[in-house]
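Trainee: Could you take me through one part of this model in detail? I would like to look closely at the sheet and what packs around it.

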Amino acid sequence: MEKLKQNEVPTQKIYKDRAIWVGTFLGGPLAAGYLIAENFKAFNETQKAKTTWIIAIIATIIIFGGIFLIPEDVTIPNQIIPLVYTGIAFYCVQHYQGQKINEHINSGGPFYGWWRTIGIGFIAISITLVVIIGVILYTETTGFNEVTKEYGVLKNEIVYEDNIPANEVDKIAESFEKTAFFENTIKKHLYLKKDNSIYEISISCNQYITDDPEAQASFVLLRDEIQKEFPNNKIVFNLVVESLDNIIKRIE
């Protein structure tokens with residue numbers, strides 16, 4: 001009887017390790033999760049299959065979420081990230097399923113074809129892209145809109161996000177009028193953000209401010225004066241030139 005058991009041919013189809021490598025490279029962590037989990041099911045290891053799915057979903061969120069956090073000035077070759085997660089998936093297959101896959105091969109067990117593997121890869125990456133696009137669109141539609149208010153004869157501008165009540169913006173403008181920053185000779189441009197109790201005010205400056213410590217020091221005094229008007233809030237100044245991202249000096 002023992003000899004008969006040894007010669008039994010498995011009936012469950014599985015994916016070869018090379019197929020999982022290709023499927024993962026094409027379809028990302030979700031494809032890896034599906035292919036590896038299907039093998040675990042064929043090996044009657046259902047709990048490991050469930051764990052594989054959890055890891056695959058978490059890995060997908062971390063990897064593709066992390067991609068959006070990479071600074072624009074950092075250049076990474078397009079193939080690097082897929083090769084890294086594909087290599088990790090291939091290692092896991094070898095470590096956790098390699099022996100059983102070899103036993104399956106030696107026993108003459110059946111395997112899924114390449115077209116199925118490639119199809120799963122494309123389906124997985126399509127699902128991933130749909131989710132990413134959905135998150136981006138949702139973020140854009142739920143983001144804050146910008147509003148512009150003008151003050152004084154010169155129509156000094158404060159651009160602010162609409163999560164800030166208009167009366168708070170008016171109070172900010174009044175404080176700049178009291179300090180004579182909003183005077184009647186040069187039009188000023190401010191960009192106002194609020195994060196909890198912190199007002200972050202970006203002030204558009206000329207390029208000369210970069211090499212003028214005295215001018216920068218005057219903004220330190222100005223911030224201190226504005227801060228007195230808002231004892232329950234923290235006031236932060238960003239001195240910017242040409243764009244909001246080009247911060248010459250941060251004062252807090």
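**The sheet and its surroundings**

Mentor: Happy to! In this predicted model, six strands make up an open sheet with mixed pairing, and their order is β1-β2-β3-β4-β5-β6. At the edges lie β1 (146-151) and β6 (247-251), each of which pairs on one side only. From one strand to the next, the twist averages 20 degrees.

Let's step into the middle of that order. Strand β2 (residues 156-161) runs parallel to strand β3 (residues 189-195), and four bridges join the two. If you want a place to put your finger, find Y160, which stands opposite L192 in β3. On the next pairing, the sense changes: β3 and strand β4 (residues 198-204) are antiparallel, with six bridges between them. Here K194 has Y199 in β4 as its bridge partner, and D195 stands opposite I198 in β4. These two strands form a hairpin with two residues between them, and in the turn N196 has a positive phi of about 60 degrees.

Now for the helices. Helix α6 packs on the sheet and touches β1, β2, β3, β4 and β5, while its direction makes about 40 degrees with that of β1. Helix α7 also packs on the sheet; its contacts are with β4, β5 and β6, and its direction makes about 155 degrees with that of β5.

What joins these elements through their side chains? The largest nonpolar core has 27 residues, and those touching the most other members are I158, F176, L192, I201, I203, F219 and F237. At least two residues of this core come from each of β2, α6 (166-178), β3, β4, α7 (213-229) and β5 (234-240). You have already met L192 as the residue opposite Y160, and L192 is also among the core members with the most contacts to other members.

F219 deserves a closer look of its own. Leaving aside residues up to four places away in sequence, F219 touches F181, I203, C205, I209, F237, L239 and I251. Two of these names, I203 and F237, belong with F219 in the list of residues that touch the most other core members. As a bit of background, nonpolar side chains in soluble globular proteins tend to be buried together.

When you are ready to leave the sheet, there is a second, separate core of 15 residues to visit, including I20, F40, V93 and I120.

Terms used:
Residues numbered from 1 in each chain as written. Predicted model: local features only at pLDDT ≥ 70, side-chain atom pairs only at ≥ 80, totals over all residues. Heavy atoms only, no water. Pairing = 2+ DSSP bridges. Core = buried A, V, L, I, M, F, W, Y, C linked by side-chain atoms within 4.5 Å. Buried < 20%, exposed > 50% of the residue type's maximum accessible area, 1.4 Å probe, protein only. Contact = heavy atoms within 4.5 Å. Axes fitted to C-alpha atoms, helices over the stretch in contact; angles between N-to-C directions.
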